[in-house]
Amino acid sequence: MGTHVIKMPDIGEGIAQVELVEWFVKVGDMIAEDQVVADVMTDKATVEIPSPVSGKVLALGGQPGEVMAVGSELIRIEVEGSGNHVDVPQAKQIETPAAPVAAKPEPQKDTKPAAYQAPANHEAAPIVPRQPGDKPLASPAVRKRALDTGIELRYVHGSGPAGRILHEDLDAFMSKPQSAAGQAPNGYAKRSDSEQVPVIGLRRKIAQRMQDAKRRVAHFSYVEEIDVTALEALRQQLNSKHGDSRGKLTLLPFLVRALVVALRDFPQINATYDDEAQIITRHGAVHVGIATQGDNGLMVPVLRHAEAGSLWANAGEISRLANAARSNKANREELSGSTITLTSLGALGGIVSTPVVNTPEVAIVGVNRMVERPVVIDGQIVVRKMMNLSSSFDHRVVDGMDAALFIQAVRGLLEQPACLFVE
């Protein structure tokens with residue numbers, strides 16, 4: 001038997017280190033070739049690491065949340081044959097323990113706590129319901145299993161990264177007595193429990209980017225209300241006529257089209273700012289970042305060349321990108337290179353918001369909830385469909401007057417939607 005060492009791979013783009021997000025194996029597991037053993041995260045995306053060999057896991061090289069250098073030892077596997085000693089860079093990494101390999105020191109590695117020990121620790125964990133609004137993190141497979149077995153996920157303690165609920169957590173929950181596991185605590189009972197959630201993976205990246213954006217960008221926000229009655233009528237008419245053959249349209253592709261047309265007169269807003277080099281780059285292409293909320297946090301997949309897409313082409317691509325982001329399947333290219341960002345909370349959009357600029361961009365357009373309310377038109381009170389746009393800009397690059405004029409241009413296009421298609 002030999003030992004095969006998998007090193008942290010070079011993921012490209014000059015990345016020197018990555019964060020270990022989650023293990024899918026533990027010490028002692030038998031794994032197959034091409035089986036995914038871990039997820040790691042770069043600044044751009046989550047990447048799956050498969051095993052190139054079959055064998056038994058001898059040791060794991062890090063804990064979830066640990067930042068590891070490219071080329072460092074990720075996992076050690078016992079395999080048939082001599083292992084991978086022909087790999088010169090990897091041979092250097094294991095040069096010190098190479099001599100005792102024949103003496104089998106590896107079982108000692110098994111005594112080291114594995115990076116993935118959720119079930120044992122979880123057995124003693126208290127079952128504490130989450131607060132209202134705290135959505136449990138879990139994969140679709142875990143959610144389906146919980147639904148099938150009648151388990152409310154808010155009562156299940158998650159032992160995965162950032163409190164993610166794993167299949168092992170469901171097993172531990174179901175093994176408890178029904179009186180402890182299945183009943184919600186009294187809403188007026190005193191509570192003294194607490195839970196520490198490590199900030200790792202995507203949540204750590206989001207925190208770092210938000211902190212960096214607020215520290216470096218001179219934010220200012222501008223809010224405008226828009227009458228979208230005519231736009232909604234057009235959208236519904238197009239869906240009624242072409243929805244079955246071309247797909248249903250949401251408001252997003254119309255908003256994207258409005259951005260594309262308005263930016264023709266405001267090139268300083270479709271820009272990125274390198275504040276270290278003191279260079280503003282104005283882009284001809286409109287690459288729209290679509291802020292997308294997933295179970296793990298906020299991601300921004302990029303609709304490339306929105307200026308060249310029809311309503312339905314952009315709508316289809318937005319849907320594809322959103323699904324890829326929510327399922328953690330979006331690649332680095334799909335999560336980078338935006339020139340302006342569009343963010344929307346949909347029906348939960350509220351009245352107003354102050355979105356954070358997605359650096360190095362200089363503008364972000366936020367969509368608030370559409371509501372019917374009375375407005376005065378020509379001295380008459382009528383019911384119209386109204387929606388606010390809450391947009392933020394980098395005041396170092398964008399003057400307040402230009403920002404207001406830009407949003408007013410977007411407003412004019414949305415209130416007279418025929419103008420979206422007049423060249």
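Accessible areas come from the Shrake-Rupley method with a 1.4 Å probe, and for residues only the protein chains shown count as cover. The views below show a predicted model, in which local features need pLDDT of at least 70 and side-chain atom pairs count only at pLDDT 80 or more, whereas totals for chains, interfaces and linings use all residues. Residues are numbered from 1 along each chain as its sequence is written, and side-chain values use heavy atoms, with hydrogens and water left out.

**Figure 1. Overview of the chain, with its 12 helices and 18 strands.** Helices (H or I, at least four residues) and strands (E, at least two) are DSSP runs, numbered from the N terminus. The accessible surface of the chain comes to about 21,900 Å², and carbon and sulfur atoms hold 53% of it. Of the 423 residues in the chain, 45% are buried, where buried means under 20% relative accessible area, exposed means over 50%, and partly exposed lies in between (1.4 Å probe, protein chains only). Among the contacts (heavy atoms within 4.5 Å) with a separation of 6 or more, 66% are between residues 24 or more positions apart.

**Figure 2. The open six-stranded sheet, with mixed pairing.** Two strands are taken to pair if DSSP finds at least two bridges between them. The strand order is β9-β18-β17-β16-β12-β15, and the edge strands, β9 and β15 (302-303), each pair on one side only. Strand β12 (residues 288-290) is joined to β15 by two bridges in the antiparallel sense, with Val288 opposite Leu303. Strand β12 also pairs with β16, here in the parallel sense and over three bridges, and in this pairing the bridge partner of Val288 is Ile340 of β16. On to β17, strand β16 pairs in the parallel sense over four bridges, with Thr343 standing opposite Gly366 of β17. Strand β16 is mostly covered, since four of its five residues are buried.

**Figure 3. The loop between β16 (340-344) and β17 (363-377), which holds Val352.** Val352 joins Val223 and Ile351 in a nonpolar surface patch whose accessible area together is about 270 Å². Patches are made of residues with over 30% relative accessible area and no salt bridge, like charges being joined within 9 Å and nonpolar side chains (Val, Leu, Ile, Met, Phe, Trp, Tyr) within 5 Å; a salt bridge is a side-chain nitrogen of Lys or Arg within 4 Å of a carboxyl oxygen of Asp or Glu. Pro360 also lies in the loop between β16 and β17, and the peptide bond that leads to Pro360 from Thr359 is cis, with omega near 5 degrees.

**Figure 4. Two loop residues with positive phi, Asp34 and Asp378.** Most residues other than glycine have a negative phi, and most peptide bonds are trans. Asp34, in the loop between β3 and β4, has a positive phi of about 75 degrees and is exposed, with a relative accessible area of 57%. Asp378, in the loop between β17 and β18 (380-394), has a phi near 55 degrees and is likewise exposed, with a relative accessible area of 76%.

**Figure 5. Strand β2 and its antiparallel partners, β7 and β4.** Six of the seven residues of β2 are buried, so the strand is largely enclosed by the rest of the structure. Three bridges connect β2 with β7, where Gln17 stands opposite Ala69, while four bridges connect β2 with β4, where the bridge partner of Leu20 is Val40.

**Figure 6. Helix α8 (residues 201-216) and its packing.** At 1.5 Å a residue, the 16 residues of α8 should span 22 Å, which agrees with the 23 Å between its end C-alpha atoms; the expected span is 1.5 Å times one less than the number of residues. Gly201, Leu202, Arg204, Lys205, Ile206 and Ala213 of this helix are buried. The buried residues of α8 pack against β2 (17-23), β4 (36-41), β7 (67-69), β9 (219-227) and β14 (297-299).

**Figure 7. The open four-stranded sheet, with antiparallel pairing.** The strand order is β1-β8-β6-β3, and β1 (2-7) and β3 (30-31) are the edge strands, each of which pairs on one side only. Strands β6 (residues 55-60) and β8 (residues 73-79) run antiparallel and are joined by four bridges, with Lys56 opposite Glu78 of β8.
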